[in-house]
There are 2 protein chains.
Amino acid sequence: MTGAEETGDELLGRVFLGRVIEPGDEAGGRWVREFGVAEVVRRLRCGDEALPGVTATRWAGLVARAARAEPERDLAVGRAAGARFVCPGDGEWPRQLDDLGDARPLGLWVRGRPSLRMWALRSVAVVGARACTEYGTHAAATLAAGLAERGWVVVSGGAYGIDGAAHRGALAARGATVAVLACGVDQSYPRGHAALLTRIAHQGLVIGELPPGDHPTPGRFILRNRVIAALTTGTVVVEAARRSGSLATARAARRLGRFTMGVPGPVTSALSAGVHDLLRDEATLVTDATEIIELVGAMGDLAPVRRGPVLPRDLLEPHTRGVLAALPGNRAAPAQEIALGARTTPEDAIARLYELRALGYVERHGDGWKLTRQAVTSVRDGDRLC
Amino acid sequence: MTGAEETGDELLGRVFLGRVIEPGDEAGGRWVREFGVAEVVRRLRCGDEALPGVTATRWAGLVARAARAEPERDLAVGRAAGARFVCPGDGEWPRQLDDLGDARPLGLWVRGRPSLRMWALRSVAVVGARACTEYGTHAAATLAAGLAERGWVVVSGGAYGIDGAAHRGALAARGATVAVLACGVDQSYPRGHAALLTRIAHQGLVIGELPPGDHPTPGRFILRNRVIAALTTGTVVVEAARRSGSLATARAARRLGRFTMGVPGPVTSALSAGVHDLLRDEATLVTDATEIIELVGAMGDLAPVRRGPVLPRDLLEPHTRGVLAALPGNRAAPAQEIALGARTTPEDAIARLYELRALGYVERHGDGWKLTRQAVTSVRDGDRLC
């Protein structure tokens, strides 16, 4: 990662490339790696020096797309929709996405208050069929609520069925949830989830690779799944018929060294058949949030700081430090009370509490939040531990 | 195994010991192994030379029980109920029970036509909760029918719930089933299964360690489970709450190197929780008979003769040879037609067809039976293959 990745030009270049190169296109990732963003942008803009490995026809198509790209406008539209663009190398970039190699997103559009990087450190994907059963809805919502209650972030795809149930379950538990879309983060897709997505953007995060205004295609759903898989410590499939897309997410997770898990169901249900195949094959059977956390909580690479705070308090963002300061020293307090003490909204307090959770400062106990033992110690020791 | 084990004295001695020593008592097994049946019987009858490792009180108890034992009467009562007594060393003894070591049954009471040894070569245990759900009943019956249709023998415990559904499923498919009781094989336990057990004894086998007239106790159920586990190539648990006895059968199977399998169910069902624990722990998830057979069919030790007939035709029991001769050379025939050709009843024909299946002579195809390729070849070559 070069220093240049953090400059405004780099960011603008990546927004530009997002209009030209489709998500997950490994050729595009290779060009960026080999020539740097600026050079790839320059060649696409000039059009007279083709990038390696493309036919003349494809090159012409890319150049035509480049001619139509308006990255400043995309940024303005995104900003108007409350979205920022996060690039590799940014402080908010979730580094585990680098595991995707050349298929790593060029950047991510992010709507919502919390730090994507912090939230993703302790996240689990809960995915499954769109046309799910009532059993699947119930199982997804219960798992998601259980994960949220234990301070874990629930990631899903914002779709009907299992995805929606997972997001709703997390929100209902006043928990943290991230929707990873296969379209622009300013789009309401599926349309019936417009209110849900607005709520997620308000209480959590709505993210995606595609520029504002872009629509989903079948291919984009599949490629979106790799982001869900890479972002999280593990993927739980709740209901999936054979050949369901969520099984692809689980397999991608496995290829990336993440945990793959499945929720069993009746053998008489076609919507559990795909999950059962997965369980026979490679995945771990899970029946509740505790079992999921038991598995993924043991994994260190996404959450390297399980034993105590990583960042000294001084380096925390001032508002986050304010929320931390509002926690009582000796008991758990509900988010509402902490928000009052920190003079902010409950949503803002919750966003920051989950960040502080990822950093090892706080724990969630039922509906309340309390300082970890390490956090109390680090206060006493003036952060000398860090 | 000494030649003496096959004499009538040995048999009578073992029937006698069955009245004195409880099933699975390893001390009893050790005495028999160290001193032989005759000597153990002599000491128990005399009472003046205690066997090793027993307190005086326990010895007095054993001697008192020995004084009341009437093995000739047991044999006569058993015979009247249609039961024979099969000992280690007998031709019909299922040698895989020897894996139980000193907990090996002293012998087994057997009601029914077929050869226990032959039938058990290709058998699978299907067990589970007594108070099961409709889902469990359905799953057990479907699995058992599927196993039976593919020429496998379904073993269970004759209890209400999953056991009964498994037996019924196998019978409904005109298949082979074995009930292993925790009481005398002349007893109808549970009482509501009197008709079912009669039907199993007529079309299959009802077996058990306990002498005629004996009743089950909680301890006897648990010890019966080790026989189910040892007799079969693998154990499938269909529904089981946490701490269910059928989980003990599965664990016993695992300790004995047999396959343990579980049928998943809704995570919301307490009757699947035990199975899910098992699946998370050590068992293979199965959803249909094909998956079970895929697993256990690969195992060679209980069924060493999967590639062709073991026994030359001349060594087959004459009636079994008659059934074999009644099979058409070039197509599958229903059991009824084969029975007609062999001048026997359909039940007798089915019993012998499953024996011939275990020996590699025949295969079941849906509702019909046909000669295996090896059997056809061995006819042409005058059994020279064997």
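User: Which residues make up the covered face of strand E12 (residues 368-371) of chain A, and which the uncovered one?

Analyst: Trp369(A) and Leu371(A) form the covered face, while Gly368(A) and Lys370(A) form the uncovered one. This is a predicted model, in which local features need pLDDT of at least 70, side-chain atom pairs count only at pLDDT 80 or more, and totals for chains, interfaces and linings use all residues. Residues are numbered from 1 along each chain as its sequence is written, and chains are lettered from A and ligands numbered from 1 in the order in which they are written.

User: What makes residues 368-371 of chain A a strand?

Analyst: Strands are DSSP runs of E with at least two residues, whereas helices are runs of H or I with at least four, and both are numbered from the N terminus. E12(A) covers residues 368-371, and it therefore meets the requirement of at least two.

User: How do you know that strand E10 (residues 333-334) of chain A pairs with E12(A)?

Analyst: Two strands pair if DSSP finds at least two bridges between them. E10(A) and E12(A) are joined by 2 bridges and run antiparallel, so the condition is met. Across this pairing, Pro334(A) stands opposite Gly368(A).

User: How many bridges link strand E11 (residues 362-365) of chain A to E12(A)?

Analyst: There are 4 bridges, in the antiparallel sense, and Val362(A) has Leu371(A) as its bridge partner. The hairpin of these strands has 2 residues between them, and Gly366(A) takes a positive phi near 55° there.

User: Why are strands E10 (333-334) and E11 (362-365) of chain B said to stand at the edges?

Analyst: The open sheet of chain B has 3 strands in the order E10-E12-E11, with antiparallel pairing. E10(B) and E11(B) each have a single partner strand, so one side of each is left without a neighbour in the sheet.

User: Why is each residue of strand E4 (residues 153-156) of chain A called buried?

Analyst: A residue is buried if 20 or more other C-beta atoms, placed from the backbone, lie within 10 Å of its own; 12 or fewer make it exposed, and the range in between partly exposed. Val153(A) and Val155(A) point one way from E4(A), Val154(A) and Ser156(A) point the other way, and all are buried. Each therefore has 20 or more such atoms within 10 Å.

User: What relation do helix H1 (residues 8-20) and helix H5 (residues 71-80) of chain A have to each other?

Analyst: Their axes lie 8 Å apart, at an angle of about 95°. Axes are lines fitted to C-alpha atoms, for helices over the stretch in contact, with angles from 0 to 180 degrees between N-to-C directions. Angles under 35 degrees count as roughly parallel, over 145 as roughly antiparallel, 65 to 115 as roughly perpendicular and the rest as oblique. H1(A) and H5(A) are therefore roughly perpendicular. Leu12(A), Val15(A) and Phe16(A) in H1(A) meet Pro71(A), Asp74(A) and Leu75(A) in H5(A), contact meaning C-beta atoms, placed from the backbone, within 7 Å.

User: How do you know that a two-fold axis relates chain A to chain B?

Analyst: A turn of 180° with a shift of 0.0 Å along the axis lays chain A on chain B with an RMSD of 0.0 Å. That is the relation of a two-fold axis. The superposition is by least squares on the C-alpha atoms of residues with pLDDT of at least 70 in both copies. Gly265(A) has the C-alpha of chain A nearest the axis, 2.3 Å from it.

User: How many residues does each chain give to the contact?

Analyst: Chain A gives 14 residues and chain B gives 14 residues.

Notes
Two residues are in contact if their C-beta atoms, placed from the backbone, lie within 7 Å.
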